[in-house]
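Here are my notes on this model, written for someone opening it for the first time. Have a look at the sequence and the structure, then read on.

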Amino acid sequence: MLCTAKRCGIRFQPPAIILVYENEIKGKKRQRIMPVRNFSKFSDCTRAAEQLKNNPRHQSYLQQVSLRQLEKLFALLRGHLCGQSLSETMEQIRRVATVDPEEDLNKLDDRELAKRKSIMDELFEKNQKKKDDPDFVYDVEVEFPQGERLESCGWDSDSADEF
């Protein structure tokens, strides 16, 4: 089925993921309600999002919806089941979805490191200048000020003597 996802949201009672999509053949906007079953406040949001996205009944509709967006919706549902307010849950999701520049990524396990890398990749893709962008400039050359004193780094000062 050819469809274009327009909006995706969540309903708390009864729990369901709601997708508003446009049927490309007929040009009509439609709404698909996908009930969320067997989800509790102890459930894993990533796993639930993967199961919903890979479900044969919903797979063709959810192709254009990112896994990260589905994870956020399930996190909202889990926060609601835990009794948190919507603003508290949104703040918690925002904290999890950002990478602290002061955090030492060498101390993370493989799963957490992969999650942080995917967040950084998504941010890079969002901020990347593409050829189709109106403010894209090819081959930008920047002159750096020469009047300021350049700071030397200690790690590269001895390398010239070794070779």
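1. How many bridges pair strand 2 with strand 3, and in which sense do the two strands run? There are seven bridges, and the pairing is antiparallel. Before going further, note that this is a predicted model, in which local features need pLDDT of at least 70 and side-chain atom pairs count only at pLDDT 80 or more, while totals for chains, interfaces and linings use all residues. Residues are numbered from 1 along each chain as its sequence is written, and side-chain values use heavy atoms, with hydrogens and water left out.

2. Now the overall layout. The protein chain has five helices and three strands, and from the N terminus on the order reads β-β-β-α-α-α-α-α. Helices (H or I, at least four residues) and strands (E, at least two) are DSSP runs, numbered from the N terminus. Of the 163 residues in the protein chain, 23% count as buried; that word stands for under 20% relative accessible area, with exposed over 50% and partly exposed in between (1.4 Å probe, protein chains only).

3. On to the sheet. The three strands make an open sheet in the order 1-2-3, with antiparallel pairing. Strand 1 and strand 3 (29-35) are at the edges with a single partner strand each, so one side of each has no neighbour in the sheet. From one strand to the next, the twist averages 25°. Two strands pair if DSSP finds at least two bridges between them.

4. Strand 1 (residues 3-11) and strand 2 (residues 16-23) run antiparallel and are joined by eight bridges. If you want to trace the register, cysteine 3 stands opposite asparagine 23, arginine 7 has valine 20 as its bridge partner, and isoleucine 10 stands opposite isoleucine 17. The hairpin from strand 1 to strand 2 goes through four residues.

5. Isoleucine 17 is worth a second look, since methionine 34 in strand 3 is its bridge partner too. Strand 2 and strand 3 also form a hairpin, with five residues between them, and glycine 27 in that turn has a positive phi of about 75°.

6. Why is strand 2 described as largely enclosed by the rest of the structure? Because seven of its eight residues are buried. Helix 2 is packed on the sheet, where it touches strand 1 and strand 2, and its direction makes about 20° with that of strand 1. Axes here are lines fitted to C-alpha atoms, for helices over the stretch in contact, and angles run from 0 to 180 degrees between N-to-C directions.

7. Among the helices, try threonine 89, which is found in helix 3. Is threonine 89 buried or exposed? It is buried, with a relative accessible area of 3%. Leaving aside neighbours within four places in sequence, threonine 89 is in contact (heavy atoms within 4.5 Å) with Ala75, Leu76, Gly79 and Gln84.

8. Next, the open spaces. On a 1 Å grid over the protein atoms alone, a pocket is an open set of points where a 1.4 Å probe fits, with protein on both sides within 12 Å along at least five of seven lines; lining residues have an atom within 4 Å of a point. The largest pocket holds about 420 Å³ of space, a volume being the space filled by probe spheres set on the points, which are joined across faces, edges and corners. Its lining has 19 residues, with Cys45, Ala75, Arg78, Ile93 and Val96 nearest the centre. Helix 1 (45-54), helix 2 (67-81), helix 3 (86-96) and helix 4 (110-127) are the elements that give two or more residues to this lining.

9. Helix 2 supplies the largest share of the lining of the largest pocket, six residues. The second largest pocket has about 340 Å³ of space. Of its 15 lining residues, Pro35, Val36, Arg37, Gln51 and Leu52 are the closest to the centre. Helix 1 gives the most to the lining of the second largest pocket, with four residues.
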